[in-house]
Amino acid sequence: MNEIQEQIASCKDLKSLEAIRISMLGKKGYFAEQFAKMKSLPKDEKKDFAQKLNEEKEDFLNLFQVAKMKLEAIAIAEEMKEESVDVTLFNSKPTCGALHPVMATMDKIIEYFVSMNFSIEEGPLVEDDFHNFEALNLPKYHPARDMQDTFYFKDSMLLRTHTSPVQIRTMLNQKPPIRIISPGAVFRRDYDLTHTPMFHQVEGLVVDKTGAVSFANLKYILEDFLKYMFGDVRVRFRPSFFPFTEPSTEVDISCIFCKGSGCRVCSHTGWLEVLGSGVVDPNVFKAVELKDVSGYAFGLGVERFAMLLHRIPDLRSLFEGDLRLLEQFR
Ligand code: PHE
């Protein structure tokens, strides 16, 4: 029994302890063997032998239980050590991104027009002279080209100065009725508080047979749209000029900062210009060879809308990627 005691004491884990238990208590183990021997003993010795053996077995079970408890405690402690959490570790929360304010504004604009049954068309950023100017009634040497000075490539290719070339592409590819908006980036040689060399526009074009589309339709939809974007504002249509529309109007809203009483943002006029629009000029229809149709078109600068909606004083700050600005739009 001393030998067993030593064996148990030197056990390092539950597995080897279990091996000892089997060697002692198993079917072919030590005690089974001893009890089998008992059969062949003379009757008077049997009792003593059995008693001794039972005592021995009890001693073994006690030793075994104590050792088992110890080893189990060690095993649990080890497991806990492995699974323990270091509460002093630095907890870096995953930072969550958000839409850039310009894209969020673009989405809101698109949402309105899609709800009014406009579909979305896109065009290339690198355009040719025909789509960007010529077909829009802006012939070479037309002074209005000056206002849209841009970046030129070889072969009369250029970075488009507005989304209006998508009007031309759509009219060349689709038959009226046409009812589209075209959102996207445009480029001009401009850089100051309210202009960046790249910005975004949303163009609108509606074309149907003669008489089916009027200036009244244009007026209704733009008024409704501007109220959707800016809430309770007054809307004003001011005569203007674009080569590709006739008549043309610029559209103003009552200043959202001073409610029209005059402030710095509206240059004390009480009005903010937000859109260009008009009835499609017959020369444009001629360029795309459409006959017996009428239509209206409009174009707006998305950054201007974002600036007004979020009171951003310097347009350039939208493109600097400064997280301190962008985090405010999460
Ligand atoms: N393309 C014009 C601009 O960039 C805006 C516009 C579009 C005006 C459609 C009238 C009709 O300023």
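Helices and strands here are DSSP runs (H or I over at least four residues for a helix, E over at least two for a strand), numbered from the N terminus. This is a predicted model, so to speak of local features we need pLDDT of at least 70, and side-chain atom pairs count only at pLDDT 80 or more, while totals for chains, interfaces and linings use all residues. Residue numbers start from 1 along each chain as its sequence is written, and side-chain values use heavy atoms, with hydrogens and water left out.

**View 1. The loop between β7 and β8, with H268.** H268 sits in the loop between β7 and β8. Its phi is positive, about 60°, although H268 is not a glycine. For background, most residues other than glycine have a negative phi, and most peptide bonds are trans.

**View 2. Two cis peptide bonds.** One cis bond runs from P176 to P177, with omega near 5°. P177 belongs to the loop between α7 (165–173) and β4 (178–187). Another cis bond joins E246 and P247, and there omega is about 0°. P247 is placed in strand β7.

**View 3. The ligand and its shell.** Count a residue as near the ligand if one of its heavy atoms lies within 4 Å of it, and you get 14 surrounding residues, the closest being H162, S164, R188, Q201 and E203. Sorted by class, the shell has 4 nonpolar, 8 polar and 2 charged residues. The classes go like this: Ala, Val, Leu, Ile, Met, Phe, Trp, Tyr, Cys and Pro are nonpolar, Asp, Glu, Lys and Arg are charged, and the others, Gly among them, are polar.

**View 4. Polar contacts to the ligand.** A polar contact with the ligand is a pair of N or O atoms within 3.5 Å. The side chain of R188 puts an N or O atom 2.8 Å from a ligand oxygen. S164 has a polar side-chain atom 2.9 Å from a ligand nitrogen, and for H162 a side-chain N or O atom is 3.1 Å from a nitrogen of the ligand. On its own the ligand has 330 Å² of accessible area, and the protein covers 92% of that (Shrake-Rupley method, 1.4 Å probe). Strands β5 (198–209), β8 (271–280) and β9 (293–301) are the elements that give two or more residues to the shell; β9 has the largest share, with 3 residues.

**View 5. The largest pocket, home of the ligand.** A pocket is an open set of points on a 1 Å grid over the protein atoms alone, where a 1.4 Å probe fits and protein lies on both sides within 12 Å along at least five of seven lines; lining residues have an atom within 4 Å of a point. The ligand takes up the space of the largest pocket (the test is that more than half of its atoms lie within 2 Å of the grid points). This pocket has a volume of about 930 Å³, that is, the space filled by probe spheres set on points joined across faces, edges and corners. Its lining has 39 residues, with R188, F199, Q201, F242 and E273 nearest the centre. Strand β8 gives the largest share of this lining, 6 residues. By class, the lining of the largest pocket holds 16 nonpolar, 16 polar and 7 charged residues.

**View 6. The second largest pocket.** Here the volume is about 370 Å³. Lining residues include L193, F257, R264, M307 and P313. Helix α10 gives the most to this lining, with 3 residues. The class split is 8 nonpolar, 1 polar and 3 charged.

Conventions. Polar contact = N/O pair within 3.5 Å; in protein donor to acceptor, adjacent residues only side chain to side chain.
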